[in-house]
Amino acid sequence: MIIGKVTGSVVATRKNEKLIGSKFLIIEPVRTMQNGEEGDRFVAVDVIGAGIGDIVMVARGSAARLACDRQDAPCDAAVVGIIDDGTILEK
Amino acid sequence: MIIGKVTGSVVATRKNEKLIGSKFLIIEPVRTMQNGEEGDRFVAVDVIGAGIGDIVMVARGSAARLACDRQDAPCDAAVVGIIDDGTILEK
Amino acid sequence: MIIGKVTGSVVATRKNEKLIGSKFLIIEPVRTMQNGEEGDRFVAVDVIGAGIGDIVMVARGSAARLACDRQDAPCDAAVVGIIDDGTILEK
Amino acid sequence: MIIGKVTGSVVATRKNEKLIGSKFLIIEPVRTMQNGEEGDRFVAVDVIGAGIGDIVMVARGSAARLACDRQDAPCDAAVVGIIDDGTILEK
Amino acid sequence: MIIGKVTGSVVATRKNEKLIGSKFLIIEPVRTMQNGEEGDRFVAVDVIGAGIGDIVMVARGSAARLACDRQDAPCDAAVVGIIDDGTILEK
């Protein structure tokens, strides 16, 4: 899973019907813990209640559908966990 | 999902029969909202009515087939939502 | 789908039996229409009759198998359309 | 599979219920054996007992779910092997 | 499929049980035929008998499992063909 920071959200009135009711968050990948270098932003569906500023784990590909409300949703990225503050341990 | 801008379209007379009738849009990923840096263009199938200039969400991989007319279409990218103007909120 | 140019072909006498009879083309992604910048080459199976010099759409991932003769072929890239000359419209 | 080094771990109290009980390791891809150049870190589920400092093989995409405890877990990366010391043979 | 060169092998005594008996080769992608530029190395399962120095086609993602002995193996890359010497034709 990618480690990313929730930096925003988007609204899409016109969308695939299987995505109606989904919450779309903008995720900014955290490539390197130390220097905070940023990767390419993307949109992930969230069903676990992440908010702006949270550091999250995001599953991509077919795994993402298993974390959406509907498993036939055309979704390729979903938040699967909110990383607890101070638990990123690296040696 | 990737956030991209619809920048054009393509026509392919000779194509896989399961793609007949599909509308093919050229998508340019919007990697960073602020600086407008552009990523690699690709083609996505659209069934929700996106037009040139629209900022859209594009699902890739197996998720894309769930957003095509035929779920056995050999399609790896599909427009799944048109992002409303002014709703990209980032902090 | 990726937009690419067919630049060559390869022969593999020793291969997975589910790929026997497949035609293998070398595809060079066309990342940007304007400057002709080139991406990383890869091999795609072709069943629609593309030839060297053609600009094609290539599906990757699980979608590619849907464009092969055998849907259990271990194939992750397949030509799904030949783009008509002069139809790449961009604004 | 990617070759990576286990460099840390993360805790996510709030997560998808199908990931409860999973162990999350931070993996740093080893792009080139010789120069030790580092790639983008990501999180992988581990069920085979890898520890910090181990050089591991990580499967990504749908393959990762086959290496998790639950095959419906929204997991896109999993440790599938610990590479024995001194067995990376390259010519 | 990616075109790569077999540059080595790895041994993993401790691994997912569905990978027991698999042969793991190190693959170095050949990004550009002309200049020999190298991409990121990775590990692929081989069941067709490739050896060090061979130029091979490697399938990735779900396609790779179709080229393994066990189709429930957590494998995301597999050698699917050995490219015959001198058959990479490019114009």
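This briefing walks through two chain-to-chain interfaces, the relation between two copies, and one salt bridge.

The model is predicted, so to speak of local features a pLDDT of at least 70 is needed, side-chain atom pairs count only at pLDDT 80 or more, and totals for chains, interfaces and linings use all residues. Residues are numbered from 1 along each chain as its sequence is written, chains are lettered from A and ligands numbered from 1 in the order in which they are written, and side-chain values use heavy atoms, with hydrogens and water left out.

**Where chain C meets chain E**

- Chain C brings 28 residues to the contact and chain E brings 27 residues, with contact meaning heavy atoms within 4.5 Å.
- The two chains bury about 2,300 Å² between them, and carbon and sulfur atoms give 52% of that area; buried area is the accessible area (1.4 Å probe) that two parts lose on being put together, summed over both.
- On the chain C side, the most area is lost by C:Arg14, C:Arg41 and C:Asp76, which together account for 27% of what that side buries.
- No cross-chain salt bridge turns up here: the rule finds 0 between chain C and chain E, a salt bridge being a side-chain nitrogen of Lys or Arg within 4 Å of a carboxyl oxygen of Asp or Glu.
- Polar contacts do occur, with 10 residue pairs counted between chain C and chain E, both residues at pLDDT 80 or more. A polar contact is a pair of N or O atoms within 3.5 Å; within protein, one must be able to donate a hydrogen and the other to accept it, and residues adjacent in sequence count only if both atoms are side-chain atoms.
- Five elements of chain C each supply at least two residues to the side that touches chain E: strands S1 (2-10), S2 (14-15), S3 (24-29) and S4 (42-46), and helix H1 (62-65). Helices (H or I, at least four residues) and strands (E, at least two) are DSSP runs, numbered from the N terminus.
- S1(C) gives the most to that side, with 4 residues.

**A strand pairing across the C–E interface**

- S2(C) and strand S6 (residues 77-82) of chain E run antiparallel and are joined by 2 bridges; strands pair if DSSP finds at least two bridges between them.
- Within this pairing, C:Lys15 has E:Gly81 in S6(E) as its bridge partner.

**How chains C and E are related**

- A turn of 72 degrees and a shift of 0.0 Å along the axis lay chain C on chain E with an RMSD of 0.0 Å, the copies being superposed by least squares on the C-alpha atoms of residues with pLDDT of at least 70 in both.
- This is the relation of a five-fold axis.
- The copies use different surfaces, as 4% of the contact residues of chain C recur in chain E.

**Where chain D meets chain A**

- Here 28 residues from chain D and 27 residues from chain A take part in the contact.
- The buried area is about 2,300 Å², with 53% of it on carbon and sulfur atoms.
- D:Arg14, D:Arg41 and D:Asp76 lose the most area on the chain D side, together 26% of what that side buries.
- The rule finds 0 salt bridges across this interface, while 10 residue pairs are in polar contact (both at pLDDT 80 or more).
- Strand S6 (residues 77-82) of chain A and S2(D) run antiparallel, joined by 2 bridges, and D:Lys15 in S2(D) is the bridge partner of A:Gly81.

**Salt bridges in the whole structure**

- Over all chains, the search finds 15 salt bridges.
- In chain A, A:Glu28 and A:Arg41 form a salt bridge, their closest N and O atoms 2.7 Å apart.
- A:Glu28 sits in strand S3 (residues 24-29) of chain A and A:Arg41 in the loop between S3 and strand S4 (42-46), so the pair ties together parts that are 13 residues apart in sequence.
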